[in-house]
Amino acid sequence: MTQPQTLPPRTALAGAALLLCALLACYKLELGPVAAVLAAAAALYGYRRAGREGAPRRAWLCCGGYAALLSLAVVAGRDVRYAGMEGGADVNFIDWGADSLLASLALAALICPAVLALYRFTLRRQLTPAQARPSRLSVWLAMWALIFVCWTPYLLTFYPAGIVGDGALTLEEALAPGVPSSNHWVVPVILTMRFFLWLGSLISADLHVGVFLYALAQSLLFSAVCAAVAYRLWRAGAPRWAAWGSAAMYAVSGFFASYGMALWKDALFAAGVVWLALQLWQLPRAEPGWKQCLNFTLTALFLCFWRNNGLYVLLLCLAALAVLMRRRAKRLLACGLAAAVFALAVTGPVYDALGIRKDSLTESVSVPMQQIAAALSAGAETTPEQEAVLFRILPEEEWTASYHPTLSDDLKGNAALDAAYLETHFGDFLAVWAQLLPANFGTYVEAYLMQTLGCWQPGVFQGSYTDYWIGVQDVAGRGWHSTDWIETLTGRSLSQLLQRSTRFVPSGTMVWVMFLAFALVLAQGQGRRASLLVLAPFAASWLVLMLAMPIAYAYRYILMLAVGLPLLCLLPFAGQTAAPSAGLHTPPDR
């Protein structure tokens with residue numbers, strides 16, 4: 001008579017521990033006991049399989065670290081209380097406690113085997129140079145045509161463009177005569193708009209024509225870069241369904257179509273960041289030739305001039321080049337540094353000579369100002385010397401009255417703010433910020449997390465940015481209006497159908513997709529330098545944004561992650577095909 005089989009003591013103990021973790025995590029996430037049992041069983045199976053198949057220490061560290069950080073973000077994101085951008089600290093806060101930390105640790109134990117399983121899957125499905133396809137311009141042109149043709153209903157339904165927010169204000173600067181008054185809306189963007197307005201004036205006296213031509217040109221460029229991402233998948237040897245599926249994602253998503261026609265500068269800046277990543281993918285075996293150096297220089301100049309923080313993105317990418325490419329980076333580093341110096345010279349002495357004001361320092365200190373305002377609102381103790389600096393920058397009552405945890409506009413744009421004093425006494429301001437940090441560390445951390453919610457909180461889409469890309473705001477009473485040409489010509493409107501397709505993966509989730517690609521690439525060991533180099537422009541854009549985020553939920557600032565989504569998904573599978581340069585690969589761990 002056979003005896004019933006029982007689990008080994010270690011397995012039974014591990015299963016009980018995982019079940020406890022699952023119960024704790026599911027209770028915090030408001031999931032039922034059935035979900036807890038299934039999660040514990042799946043985690044136990046994952047750990048046992050990982051033990052049988054084996055994994056190097058680097059893989060355990062990378063996958064476990066990612067699981068721990070993601071779990072913290074998931075639980076902290078669930079603890080966020082959000083009541084709108086204009087809400088104060090009493091309604092916008094993070095309800096974090098000891099149970100949140102325990103739930104995060106428990107959730108990490110459940111997520112880790114899933115990340116390890118994904119790591120093993122990427123190793124089994126690695127693309128090789130033999131799978132790469134030869135260059136075919138016709139494929140890229142077909143993808144570009146598919147995307148742009150599918151975007152034309154948006155251009156015709158919401159003619160002439162998305163004239164909203166900063167885009168509407170930039171348009172007013174473009175319509176003003178003479179030299180642009182400041183670089184806040186970025187001089188090259190203003191001049192480009194002026195060119196298309198002039199071009200439109202040759203066709204019609206209606207200003208809407210010039211605006212439409214700008215939106216049309218921007219959509220063409222934006223869709224071309226989207227097609228280049230899908231084409232990169234095709235060239236790397238990814239399955240055809242993945243490459244053409246990526247092109248179809250861009251084509252049918254109103255999210256990308258609406259950004260293509262919005263007057264914000266962010267769509268083309270995001271395209272520039274992704275284009276830089278694609279260039280880094282194609283680095284040759286030897287030092288780059290003059291064509292690649294020229295392309296790199298032009299891309300670097302575009303990033304520096306098209307958005308004010310583009311210079312910092314470029315400098316971080318140059319640092320990554322120096323670390324990952326070493327001696328092979330000499331030419332590209334020289335080109336990038338030359339572009340940065342040229343940009344500084346133009347935006348500095350040249351703009352000063354033309355009377356173009358620089359962007360205010362308050363645009364770059366949103367985070368520390370928010371942290372100080374949060375501390376003062378919480379009753380932080382200050383010395384007379386500290387108050388002399390802070391209350392000269394902004395009156396005492398305004399620090400608390402203008403503080404909104406998820407929006408810095410009312411603080412940095414306060415009419416009582418002495419911007420000139422802040423610029424001349426910036427060192428004193430930073431000294432006060434540092435002095436208040438130790439006693440208000442928790443308040444500082446919460447204020448920072450609330451100000452940057454859209455850059456780390458997974459699974460949430462908040463704010464007023466759902467139908468904000470394709471509206472029309474007539475800020476100066478010029479008579480701007482939208483015309484639905486499809487309805488005019490056919491009697492039927494597609495506007496409601498098109499608007500329903502403008503959502504996409506939440507920005508915070510996209511950040512964790514990027515981090516997942518980093519974790520998997522680092523865990524693999526082989527070819528990690530080449531793939532990390534491709535990831536550098538995305539990480540640099542995110543890091544710069546995390547240092548000066550002006551608003552908690554604003555997808556346009558981190559749009560490059562959405563545009564580069566197929567590339568981020570491909571990199572963990574492309575260790576042997578990304579930037580196939582000798583010396584960039586390292587042997588896998590044993």
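Let's begin with empty space: the largest pocket in this structure holds about 1300 Å³ of it. Keep in mind as you look around that this is a predicted model. How can we speak of empty space at all? Rolling a probe the size of a water molecule over the atoms shows where empty space is left.

Who stands around this pocket? Its lining is made up of 42 residues, and those nearest the centre are N308, N309, D359, E363 and S364. Several helices take part, and the elements that contribute two or more residues to the lining are α6 (165–175), α13 (310–325), α14 (330–354), α18 (409–412) and α25 (528–547). The top contributor is α14, with 6 residues. If you sort the lining of the largest pocket by class, you find 21 nonpolar, 10 polar and 11 charged residues.

Since α14 gives the most to that lining, let's follow this helix for a moment. How far should α14 reach? With 25 residues at 1.5 Å a residue, α14 should span 36 Å, and its end C-alpha atoms lie 34 Å apart, which agrees. Still, α14 is not free of bends: at V346 there is a bend of about 25 degrees, and the proline P349 follows within four residues. V346 is also one of the buried residues of α14, along with others including L332, C335, A339 and Y351.

Another helix makes a good companion to this one. Helix α4 (residues 98–124) has 27 residues, and the stretch from its first C-alpha to its last is 40 Å, close to the 39 Å expected at 1.5 Å a residue. Where does α4 kink? Look at I111, where the kink is about 30 degrees, shortly before the proline P113.

Now let's turn to charged side chains that pair up. How many salt bridges does the structure hold? There are 13. One of them joins the side chains of K28 and D79, with 3.2 Å from N to O. These partners come from distant parts of the chain: K28 sits in helix α1 (residues 9–28), while D79 sits in the loop between α3 (57–78) and β1 (80–81), 51 residues apart. Are K28 and D79 buried or exposed? Both are buried.

A second salt bridge brings the side chains of D166 and R556 together, at 2.7 Å from N to O. D166 belongs to helix α6 and R556 to the loop between α25 and α26 (559–563), so this pair ties together parts that are 390 residues apart in sequence. The two partners have unlike surroundings: D166 is partly exposed, with a relative accessible area of 23%, whereas R556, at 5% relative accessibility, counts as buried.

A third salt bridge links R392 with D418, and here the closest N and O atoms are 3.6 Å apart. R392 lies in helix α16 (residues 384–393) and D418 in the loop between α18 and α19 (419–424), so parts that are 26 residues apart in sequence are tied together. R392 is partly exposed, with a relative accessible area of 47%, and D418 is partly exposed as well, at 23%. Salt bridges can also share partners, and in this way D166, D266, R307 and R556 are joined into one network.

Next, have a look at the backbone, where a few residues in loops deserve a visit. The peptide bond from Y159 to P160 is cis, with omega near 10 degrees. P160 is located in the loop between α5 (137–157) and α6. Then there is E30, which has a positive phi of about 60 degrees although it is not a glycine. You can find E30 in the loop between α1 and α2 (33–53), and this residue is exposed, with a relative accessible area of 66%. R326 has a positive phi too, of about 55 degrees, and is likewise not a glycine. R326 is in the loop between α13 and α14.

Our last stop is M450, in helix α21 (residues 441–451). Is M450 buried or exposed? At 1% relative accessibility, M450 counts as buried, because the cut-off for buried is under 20%. Finally, try finding T502 from there: M450 and T502 are 52 residues apart along the chain, and their C-alpha atoms are separated by 25 Å.

Key
Residues numbered from 1 in each chain as written. Predicted model: local features only at pLDDT ≥ 70, side-chain atom pairs only at ≥ 80, totals over all residues. Heavy atoms only, no water. 1 Å grid on protein atoms, 1.4 Å probe; cavity = no way out; pocket = protein on both sides within 12 Å on 5 of 7 lines; lining within 4 Å. Points joined across faces, edges and corners; volume = space filled by probe spheres on them. Nonpolar A, V, L, I, M, F, W, Y, C, P; charged D, E, K, R; others polar. Salt bridge = Lys/Arg side-chain N within 4 Å of Asp/Glu carboxyl O. Buried < 20%, exposed > 50% of the residue type's maximum accessible area, 1.4 Å probe, protein only. Expected span 1.5 Å × (residues − 1). Bend = angle between axes of the 7 residues up to and from the residue.
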